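Hi everyone, thanks for making time this morning. Have a look at the model on the screen, and I'll talk you through the parts I liked.

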Amino acid sequence: MSTASRQPSVSEIKSQVVAKVATRTITHAEVEQAVALPLYQLEEQRTKLLKESIQRLIDEELLTAEAARLGITVATLIEKASESETVARLAGLPGPVRRTTPLSQKQPSELSPQAPEEVTRIRQALLLHLRRQTSIQINLPRLDLPILDVSIDDDPWIGTEHAPITIIEFSDFECPYCQRIVPLLKELLKQYSGKLKLVYRDFPGPNHQQALLAAEAAQCAAEQNRFWDYHDALFSRQPSEGAWNFSGLAETLGLSLSQFNVCMQDNRYRAEVLKDLQDGLKLGVTSTPTFFINGRPLIGARPFADFQAIIDPLLK
């Protein structure tokens, strides 16, 4: 009798050495951690494509079924839909199209011409109407979020020190999407008061000429316990053209200019900012803002509900 070989456990796989460089060993777990974020992004894109495909197939089925029920073609169904008050209202038309000749008796050449954008609006309105009348169930599996080991380093934070939820943000002061998310983050801190710690880590983009200096300036302001004031000032005065006046901002906030200017001249925090950047790259961060909510990634200037969908289950 042959005995089947025992399958290795998950912990054994993770501790397996997959490479050696001189005396340095690299484990399976290290490799997984290094590619966890890019692999998740690929799966997220795949899920998005699947959802879009499902919606297209649902749309086709709704139109085909309704056309079959009425004994007409899909093209005629969409043309006829403009006669419906409900569809016309949903399409934003002035009113339903009234016809003196029944549609079924008209020749194709007699059909009233419609602009492509109007046909699209009517089609979408008809689909919305049909969706409201039809039971639709989608069973696409939910994408599991990876949990990454993300250090808060010694970077500035706001909120509650020992909160159950820690959000680590990799951000760029010159990034417009990072600017856009600032009010939402303030709202999160308000809505989850006492339950949230927000950590700011720098990820200055190479295409943003002032991002590195802005990050250093904020760290120099942190020396005087004014990081978050300077953080808000940078984002609220994000220049569309020209450049920030870093010393001018410091003066506006009432900082010691001599201390601030010496800090900037010495590039005192350049190594700290570049360490944040390097840590982000190791995690697979490629764009800003990128968030890690108790290690779970959320990428981009996302709506409140997307943060809520991750935070609420963790709190429960």
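Let's start with Phe292, which has a relative accessibility of 1% and therefore counts as buried, the limit being under 20%. Keep in mind that this is a predicted model. Phe170 is buried too, with a relative accessible area of 0%. What kind of pair do the rings of Phe170 and Phe292 make? Their centres are 6.0 Å apart and the planes stand at 85 degrees, so this is an edge-to-face pair. Phe170 sits in strand β4 and Phe292 in strand β6, so the two rings tie together parts that are 122 residues apart in sequence.

Now to the strands themselves. β4 covers residues 165–171, and 6 of its 7 residues are buried. On one hand, β4 runs antiparallel to β6, residues 290–293, and 4 bridges join the two. Within that pairing, Ile168 has Phe292 as its bridge partner in β6, so we meet our opening residue again, this time through the backbone pairing. On the other hand, β4 pairs with β5 in the parallel sense, over 7 bridges. There, Glu169 finds its bridge partner in Tyr200 of β5. If you trace β4, α6 and β5, you have a β-α-β unit, and it is right-handed.

That brings me to the core. Which residues touch the most other members of the largest nonpolar core? They are Ile167, Phe173, Tyr230 and Phe307, out of 43 residues in that core. Helix α6, residues 176–191, gives the most to it, with 7 residues. There is also a second, separate core of 16 residues, and Leu63, Ala88, Leu93 and Leu126 are among them.

Phe173 deserves a closer look. Leaving out residues up to four places away in sequence, its contacts include Tyr200, Phe227, His231, Phe235 and Trp244. Aromatic pairs link Phe173 into a cluster with Tyr200, Phe227, Trp228 and Phe235. In total, the structure holds 10 aromatic pairs. For Phe227 and Trp228, the ring centres are 5.0 Å apart with planes at 90 degrees, so that pair is edge-to-face as well. Phe227 counts as buried at 5% relative accessibility, and Trp228 does too, at 18%.

Last topic: charges. The count of salt bridges comes to 18, and I'd like to show you what happens around Arg201. Arg201 forms a salt bridge with Asp155, the closest N and O atoms being 3.0 Å apart. Arg201 is in strand β5, residues 196–202, while Asp155 is in the loop between α5 and β3, 46 residues apart. Both of these residues are buried.

Arg201 also bridges to Asp279, with the closest N and O atoms 2.7 Å apart. Asp279 belongs to helix α11, residues 270–283, so this pair ties together parts that are 78 residues apart in sequence. Asp279 then has a salt bridge to Lys275, at 3.0 Å between the closest N and O atoms. Those two both lie in α11, 4 residues apart, about one turn of the helix.

Is each end of that last pair buried or partly exposed? Asp279 counts as buried, at 18% relative accessibility, whereas Lys275 is partly exposed at 37%. Put together, Asp153, Asp155, Arg201, Lys275, Asp276 and Asp279 are linked in a network of salt bridges. That's my tour, and I'm happy to go back to any part of it.

Methods. Residues numbered from 1 in each chain as written. Predicted model: local features only at pLDDT ≥ 70, side-chain atom pairs only at ≥ 80, totals over all residues. Heavy atoms only, no water. Core = buried A, V, L, I, M, F, W, Y, C linked by side-chain atoms within 4.5 Å. Buried < 20%, exposed > 50% of the residue type's maximum accessible area, 1.4 Å probe, protein only. Contact = heavy atoms within 4.5 Å. Salt bridge = Lys/Arg side-chain N within 4 Å of Asp/Glu carboxyl O. Right-handed = clockwise from strand over helix to strand, strands pointing away. Phe/Tyr/Trp six-rings, centres within 6.5 Å; stacked < 30°, edge-to-face > 60°.
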